[in-house]
Amino acid sequence: MTSFAYFPGCASEGSGREFADTMEVVIQALDHDLQEIPDWNCCGASSAHSVSEFLSLALPGRDLVKAEQMGLDVVAPCAACYSRLATAALELPRQRELEGEEPPDFRGGIKVVHPLKLLSTPEALAVVGSKLTRTLKDLPVVTYYGCLAVRPAAVTGVTGSELENPTMMDTVLELLGAEVIDWPHKTSCCGASQTLPKPLLARNLTLEIVDCAVASGAEAIVTGCPLCFLNLELQQVQAKTDGDREQQHIPVFYISELMALCMGIGDLKLAFENHLIPVDGPLDSRELTWR
Amino acid sequence: MPKPTSHSEPLSASPSEPIPASRLTVGSTHNASLAACYQCGKCSTGCPVASMADVLPHRIVRLVQLGLKRDPMGSEHIWNCTGCSTCSTRCPNQVPVAELMDHLKADALANLIPLGADAAKIAQFHVLFNKSVCKYGRQYELGTVRKLKSSRELLGQFKLGIKMLRRGKLRLRPTRIRDRKEVRELFRRAGMGK
């Protein structure tokens, strides 16, 4: 068993509730212990680094100092939180050397781990395999990683073909019995950071991804990022409301939800009923009951 | 830790002055300098918002190299940038293009560069987001949305808003951390708090 300092992130309290809930259950089922960082603050996500380099390091820095006091590596489910925390974990000790200014409290004694890596190690796959209570019965899906789980490479440590064609979720889904379809938009940007200030920009990027998923024959998109998830769902819904699109919506799943479903753990009714786009289609046709 | 007041120092010589090549670095996650750019254009080819760019990413790098920093600081593209880092990741010379966009945005705000309507809206979003974090220590999504959107825009997304509220995807009230003073102090040191 490994213990981690857990950084839930602001999305876990609202838009990405079902992700945090199912991710926690799955990580615990993999025999890890999650200890929430006490009184954690927002990492600043896409906004702090747009206005101040100091804040972009200082906000996640406060959380990292607490985690370091706990003596534990950090797990943050949200790709944006992961990216900001991992950037600061890399930068802060280095800044200390470079600038030689007031010593930062963070010494760099701990790492920030991306949950998708945690879920797809050989050890994790072995545990998941041993705990499967049912399979996805060849459900055709595409995996959507988005940006920050893989980029920038200097922060994520992702290298080689994995940068453009990551396979962390693919491996897990194949184990769960899904048919993972090859497609070109695994790491395309959905524009989530522009969802609020410039919605049409985000919509255009997202619908291109959604259209390609449908054309590739997938019945669902699987993601591991709450910002991507929100964008993939709400841009489809809002495009229909605005009369931009007639097409059928394609459901979106979190990787952790499908893992929980196949391992028979967690409250999936709570998770799936929270989706804006119903998941009944792909699940009911395969008699994968969750209610 | 970078000096709060000098976060933009490597690039913030007067916008019209040429910047010495040795100082053309951005952040230190990437040690490569902007001077390494040889204008292959790979960053612009992979950029998801290049089709709507007023100034393409590789041209922005060139302008900064030439010391003509004021032009890109006033461009809409640095605000349209989604922060996907495709440019930085694909650059054959490890030029930190995405990080440069962040620096230019911060500099544009600090130097009160006039912005077009779309750019101003995006800048306003980032400022409101940060204010929310400064106030509560966490992001209060509904509060930020209410301040950012006009009544007409809010009405257009009314149905969606209700759906999200019902599902608990939008919280009616902010969550506050205990030690908000500590977070506010960080904003003060960044020159952004009271």
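## Close-ups of a two-chain model

**View 1. A:Asp280 and its salt-bridge partner near the end of the listed helices of chain A**. A:Asp280 has a relative accessible area of 22% and is therefore partly exposed. The cut-off for buried is under 20%, so A:Asp280, at 22%, does not count as buried. Please keep in mind for this and every other view that the model is predicted. The partner to look for is A:Arg291, which forms a salt bridge with A:Asp280, with 2.3 Å between the closest N and O atoms. A:Asp280 sits in helix H13 (280–284) of chain A, whereas A:Arg291 lies in the segment after that helix, eleven residues apart from A:Asp280. A:Arg291 counts as exposed because its relative accessibility is 60%.

**View 2. A salt-bridge pair that crosses between chains**. Here the side chains of B:Arg90 and A:Glu164 meet, at 2.8 Å from N to O. B:Arg90 belongs to helix H5 of chain B, and A:Glu164 to the loop between helix H7 (153–156) and helix H8 (168–175) of chain A. How exposed is each partner, by relative accessible area or relative accessibility? B:Arg90 has a relative accessible area of 30%, so this residue is partly exposed. A:Glu164 also falls in the partly exposed class, because its relative accessibility is 39%.

**View 3. A:Arg62 and its two acidic partners, A:Asp39 and B:Glu182.** Within chain A, A:Arg62 forms a salt bridge with A:Asp39, the closest N and O atoms lying 3.3 Å apart. The two residues are 23 residues apart and belong to distant parts of the chain: A:Asp39 is in the loop between strand S2 (32–36) and helix H2 (45–51), and A:Arg62 is in helix H3 (residues 53–70). Are they buried or exposed? Both A:Asp39 and A:Arg62 are buried. The side chain of A:Arg62 also meets that of B:Glu182 in a salt bridge, at 3.0 Å from N to O. Across the whole structure, a search over all chains finds 20 salt bridges.

**View 4. The interface of chain A and chain B.** Chain B brings 64 residues to this contact and chain A brings 67 residues. About 5800 Å² is buried between the two chains, and carbon and sulfur atoms give 59% of that area. How many salt bridges and polar contacts are there between the chains? The count is seven salt bridges, and 29 residue pairs are in polar contact. On the side of chain B that touches chain A, the elements giving two or more residues include helix H4 (77–80), helix H6 (97–110), helix H8 (141–148) and helix H11 (180–189) of chain B. The largest share of that side, eight residues, comes from H7(B).

**View 5. Domain 1 against domain 2 in chain A.** The domain assignment gives domain 1 (2–115) and domain 2 (133–284), and their C-alpha centres lie 24 Å apart. In the contact, 23 residues of domain 1 meet 25 residues of domain 2. The domains bury about 2000 Å² between them, with 74% of it on carbon and sulfur atoms. There are zero salt bridges across this interface, and the count of residue pairs in polar contact is one. On the domain 1 side, the elements that give two or more residues are helix H1 (17–29) and helix H4 (79–99) of chain A. Of these, H1(A) supplies the largest share of that side, nine residues.

**View 6. The largest nonpolar core**. In soluble globular proteins, nonpolar side chains tend to be buried together. The largest such core here has 65 residues, and those with the most contacts inside it include A:Leu136, A:Leu173, A:Ile221, A:Met259 and A:Leu261. Which element gives the most to this core? Helix H11 (residues 255–263) of chain A does, with seven residues. Domain 1 and domain 2 of chain A each contribute at least three residues to the core. Zooming in on A:Leu261, the residues touched beyond four places away in sequence include A:Leu136, A:Leu268, A:Phe272, A:Leu283 and A:Trp290. A second, separate core has 44 residues, among them A:Cys43, A:Leu59, A:Ala80 and A:Ala86.

Methods:
Residues numbered from 1 in each chain as written. Chains lettered and ligands numbered in written order. Predicted model: local features only at pLDDT ≥ 70, side-chain atom pairs only at ≥ 80, totals over all residues. Heavy atoms only, no water. Core = buried A, V, L, I, M, F, W, Y, C linked by side-chain atoms within 4.5 Å. Buried < 20%, exposed > 50% of the residue type's maximum accessible area, 1.4 Å probe, protein only. Helix = DSSP H or I, 4+ residues; strand = E, 2+ residues; numbered from the N terminus. Domains from an automatic or database assignment. Contact = heavy atoms within 4.5 Å. Buried area = accessible area lost by both parts, 1.4 Å probe. Salt bridge = Lys/Arg side-chain N within 4 Å of Asp/Glu carboxyl O. Polar contact = N/O pair within 3.5 Å; in protein donor to acceptor, adjacent residues only side chain to side chain.
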